Amino acid sequence: MNNPVNPTTGLDFTPAVGDMPFTPLQRELLAKAHALGRDKFAARAQQWDTEASFPFANYDDLREAGFLKLCVPTSHGGLGADYTTYMMVAAEIGRFCGATALTWNMHICSTMWTGVLADGIPMTDAERSEHAARRELHFGRIVNDGALYAQPFSEGTAAAAGRAPFGTTAKKVDGGWLINGKKIWASLSGAADYYGVLCTEDKGDHHPDARDTLYISVPATSAGFSISGDWDPLGMRGTVSRNLAFKDVFVSDAEQLMPRGIYFKGAQTWPAMFFTLSPTYLGVANAAYDFTVMYLRGEVPGEPPIKRRQFPTKQIAVAQMRIQLENMKSLFARAIAEAKPNPSKDEKMRLYAAHYSVMEGANDIARLAIRTCGGQSMLKHLPLERLYRDSRCGALMLPWTAELILDRMGRETLYEPGEKDE
Ligand SMILES: Cc1cc2nc3c(=O)[nH]c(=O)nc-3n(C[C@H](O)[C@H](O)[C@H](O)COP(=O)(O)OP(=O)(O)OC[C@H]3O[C@@H](n4cnc5c(N)ncnc54)[C@H](O)[C@@H]3O)c2cc1C
């Protein structure tokens with residue numbers, strides 16, 4: 001039996017992002033994401049988790065649904081989703097497979113940073129036209145060939161936290177760049193066609209500077225490029241985030257995804273670019289809550305119809321979970337609506353608060369879900385123990401780990417830019 005259509009949302013399900021008046025495009029994309037997740041991704045999630053293997057079958061479906069080009073502008077053959085729309089759709093996918101949503105975020109960022117975000121970064125006319133030509137090639141690969149991009153920036157140094165220049169370097173040579181260095185935690189390793197590498201321009205002066213950060217795409221087939229390391233983590237096992245090495249990898253000028261100096265400006269102009277990791281975890285939290293309600297009502301498919309809802313302790317725990325989930329959704333919805341270049345101080349604080357609340361809250365909700373549903377609910381054939389492990393990962397992700405958010409919020413609240421103590 002179909003659920004009734006909600007007159008506010010126009011949808012017959014409640015999206016992970018919550019109830020709100022969606023645009024026709026948002027409604028269409030959310031309905032597609034929900035159907036893909038419910039009918040395909042949910043059933044496969046256990047396989048990627050058990051094998052710690054990349055969700056290739058989900059990517060075939062995402063490609064077919066046009067979701068690899070979700071944020072490519074319509075003028076370039078994409079679906080033209082803006083930042084807010086992407087964040088809503090990503091939460092819906094995270095509800096059914098966290099590893100798929102998280103890796104999809106890495107790919108989408110390659111189109112969003114070069115697309116809608118780049119449009120909001122100040123550039124000279126020359127930079128703007130250079131960027132327009134380069135992104136046409138990049139978007140074309142995704143639109144015409146269904147190419148997949150990874151986003152390796154972590155290096156095991158202070159660089160991914162935004163506190164030091166990237167150690168991976170790019171040296172200008174005739175017709176292109178020579179890349180050297182290493183990355184760790186590169187989700188989509190072995191699955192991506194291109195790796196959108198953040199690196200520092202090697203100007204030969206031994207004074208690496210974060211303002212010289214370059215964003216360059218390295219084709220997976222490049223000579224000197226290799227992938228190594230084991231992959232057997234606690235959670236988000238389908239991301240397959242292994243190590244990358246670059247040994248004198250030559251890439252042509254056309255692989256530059258942003259003009260010189262623009263990534264650094266972008267990171268300062270658009271803090272919301274780092275918030276894109278959070279919808280995955282809002283989806284995971286929603287899934288843990290959904291499961292708890294079904295389990296306590298005795299409605300989990302394939303399980304004995306035993307009701308556990310009659311106990312007041314369970315009712316109170318569900319209420320607590322819902323309160324926390326509503327808090328997370330409200331902050332999330334406000335932050336994605338406010339996302340823009342150069343947000344005000346209050347908007348930035350809300351963004352940090354939203355990110356922290358979602359990343360820590362997802363794990364709180366999954367923890368409460370297991371405690372409330374009880375021992376049988378954490379057996380491997382049910383999704384809850386996977387959700388619990390996946391939910392632990394969000395607060396560890398740089399540059400906005402839960403610790404670093406607290407650090408930034410505290411400092412930026414008490415000090416205005418440039419202010420120092422005696
Ligand atoms: C499932 C998953 C997928 C990922 N996918 C990608 C990916 O596709 N691409 C990518 O680039 N990275 C990816 N990452 C990596 C992630 O963003 C982090 O870089 C990684 O988790 C850092 O681990 P670490 O042990 O090296 O952290 P460390 O840098 O050793 O930090 C440990 C902790 O110390 C704190 N800390 C770090 N630096 C500072 C500082 N300067 N000041 C104060 N405190 C600090 C932080 O809270 C951090 O959690 C992924 C991570 C996970 C869990």
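Axes here are lines fitted to C-alpha atoms, for helices over the stretch in contact, and angles run from 0 to 180 degrees between N-to-C directions. The model is predicted, so local features need pLDDT of at least 70 and side-chain atom pairs count only at pLDDT 80 or more, while totals for chains, interfaces and linings use all residues. Residues are numbered from 1 along each chain as its sequence is written, and side-chain values use heavy atoms, with hydrogens and water left out.

**Exercise 1. Work out how helix 1 and helix 3 pack.**

Step 1: find the helices, which are DSSP runs (H or I, at least four residues; strands are E, at least two) numbered from the N terminus. Helix 1 covers residues 24–51 and helix 3 covers residues 83–94.

Step 2: look at the axes, which are 8 Å apart at an angle of about 20°. That makes helix 1 roughly parallel to helix 3 (angles under 35 degrees count as roughly parallel, over 145 as roughly antiparallel, 65 to 115 as roughly perpendicular and the rest as oblique).

Step 3: get the hand. Helix 1 passes helix 3 in a right-handed crossing (left-handed if the near helix is turned anticlockwise from the far one by less than a right angle, right-handed if clockwise).

**Exercise 2. Do the same for helix 9 and helix 10.**

Step 1: helix 9 (residues 345–373) packs with helix 10 (residues 384–391) at about 155°, their axes 8 Å apart. That makes helix 9 roughly antiparallel to helix 10.

Step 2: the crossing of helix 9 past helix 10 is left-handed.

**Exercise 3. Find the polar contacts of the ligand (pairs of N or O atoms within 3.5 Å; within protein, one must be able to donate a hydrogen and the other to accept it, and residues adjacent in sequence count only if both atoms are side-chain atoms).**

Step 1: try the side chains. Ser154 has an N or O atom 2.6 Å from a ligand oxygen, and Ser187 has one 2.7 Å from a ligand nitrogen.

Step 2: check the backbone. An N or O atom of Leu398 there lies 2.9 Å from a ligand oxygen.

**Exercise 4. Spot the unusual backbone at Leu398, Pro399 and His206.**

Step 1: most residues other than glycine have a negative phi, and most peptide bonds are trans.

Step 2: go to the loop between helix 10 and helix 11, where Pro399 lies. The bond from Leu398 to Pro399 is cis, with omega near 5°.

Step 3: move to the loop between strand 4 (194–201) and strand 5 (213–219), home of His206. His206 isn't a glycine, yet its phi is positive, about 60°.
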